[in-house]
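The exercises below are meant to be worked with the sequence and the coordinates open side by side. Each task is followed by a solution that proceeds step by step.

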Amino acid sequence: STLKKQFLSYQITEHPSPYIEVAPKEMCQGLSHLEKFFQDVVDKGGEGVILRDPSAPPQPGRSPGYLKHKKFRDGEARVVRALGNLNWECELCVSP
């Protein structure tokens, strides 16, 4: 929502970090536009882009209305417990 974007922009301005920034929204104009935009992101060192279904209602957490588009397939894990000293026991989450 616009209010969330305004809040995030304010927080990042007031508490700058080299690790986070608000990404601009880019409306996809078709497949060739997506491919060019994606390649520009990858050429600049990015992993990929997140595509959002404009008809999907917003919801907290993971949403079926969002799709990661990357050059490679990666895995995800859930932290089971902290072992200390920046070590964690994790459980691999496998996608179909």
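**Exercise 1. Determine what share of the residues of the protein counts as buried, and set this beside the overall dimensions of the chain.**

Step 1. In this predicted model, 8% of the 96 residues of the protein count as buried, where buried means a relative accessible area under 20%.

Step 2. The radius of gyration of the protein is 17 Å, whereas a compact globule of 96 residues would have a value near 12 Å.

Step 3. Along the principal axes, the C-alpha trace spans about 45 × 40 × 30 Å.

Step 4. The exposed area of the protein comes to about 8800 Å², and 58% of this area is supplied by carbon and sulfur atoms.

**Exercise 2. List the secondary-structure elements in their order along the sequence, and state what share of the contacts joins residues at least 24 apart.**

Step 1. The protein contains two helices and four strands, and their order along the sequence is α-α-β-β-β-β.

Step 2. When contacts between residues at least 6 apart in sequence are taken as the set, 10% of them join residues at least 24 apart.

Step 3. One pair illustrates a separation in both sequence and space: M27 and E76 are 49 residues apart along the chain, and their C-alpha atoms are separated by 28 Å.

Step 4. M27 itself belongs to the loop between α1 (2-14) and α2 (31-43), and M27 counts as exposed because its relative accessibility is 53%, the cut-off being over 50%.

**Exercise 3. Examine the loop between β3 and β4 for residues other than glycine with a positive phi, and classify the accessibility of those you find.**

Step 1. N85 lies in the loop between β3 (76-84) and β4 (87-93), and its phi is near 50 degrees, which is a positive value in a residue other than glycine.

Step 2. L86 is placed in the loop between β3 and β4 as well, and its phi, near 60 degrees, is again positive in a residue other than glycine.

Step 3. With a relative accessible area of 73%, N85 is exposed, and L86 also counts as exposed, at 69% relative accessibility.

**Exercise 4. Describe the surroundings of Y66, naming the residues with which Y66 is in contact once its neighbours within four places in sequence are left aside.**

Step 1. Y66 is located in strand β2, which comprises residues 66-70.

Step 2. Apart from its neighbours within four places in sequence, Y66 is in contact with I50, L51 and R52.

Step 3. A56 stands ten residues from Y66 in sequence, and the distance between the two C-alpha atoms is 8.6 Å.

Step 4. Y66 has a relative accessible area of 44%, so this residue is classed as partly exposed.

**Exercise 5. Establish how many disulfides a search of the whole structure finds, and then account for the charged side chains of the protein.**

Step 1. The search of the whole structure returns zero disulfides, the criterion being a pair of cysteine sulfur atoms within 2.5 Å.

Step 2. For two cysteines the accessibility can be stated: C28 is partly exposed, with a relative accessible area of 48%, and C90 is partly exposed, with a value of 45%.

Step 3. Turning to charge, the protein carries 13 positive and 12 negative side chains, and the centres of these two sets lie 4 Å apart.

Definitions and conventions
Residues are numbered from 1 along each chain as its sequence is written. This is a predicted model: local features need pLDDT of at least 70, side-chain atom pairs count only at pLDDT 80 or more; totals for chains, interfaces and linings use all residues. Side-chain values use heavy atoms; hydrogens and water are left out. The radius of gyration is taken over C-alpha atoms; the globule rule is 2.2 Å times the number of residues to the power 0.38. Buried means under 20% relative accessible area, exposed over 50%, partly exposed in between (1.4 Å probe, protein chains only). Contact means heavy atoms within 4.5 Å. Accessible areas come from the Shrake-Rupley method with a 1.4 Å probe; for residues, only the protein chains shown count as cover. Lys and Arg count as positive and Asp and Glu as negative; His and the chain ends are not counted. The place of a charge is taken as NZ of Lys, CZ of Arg, CG of Asp or CD of Glu.
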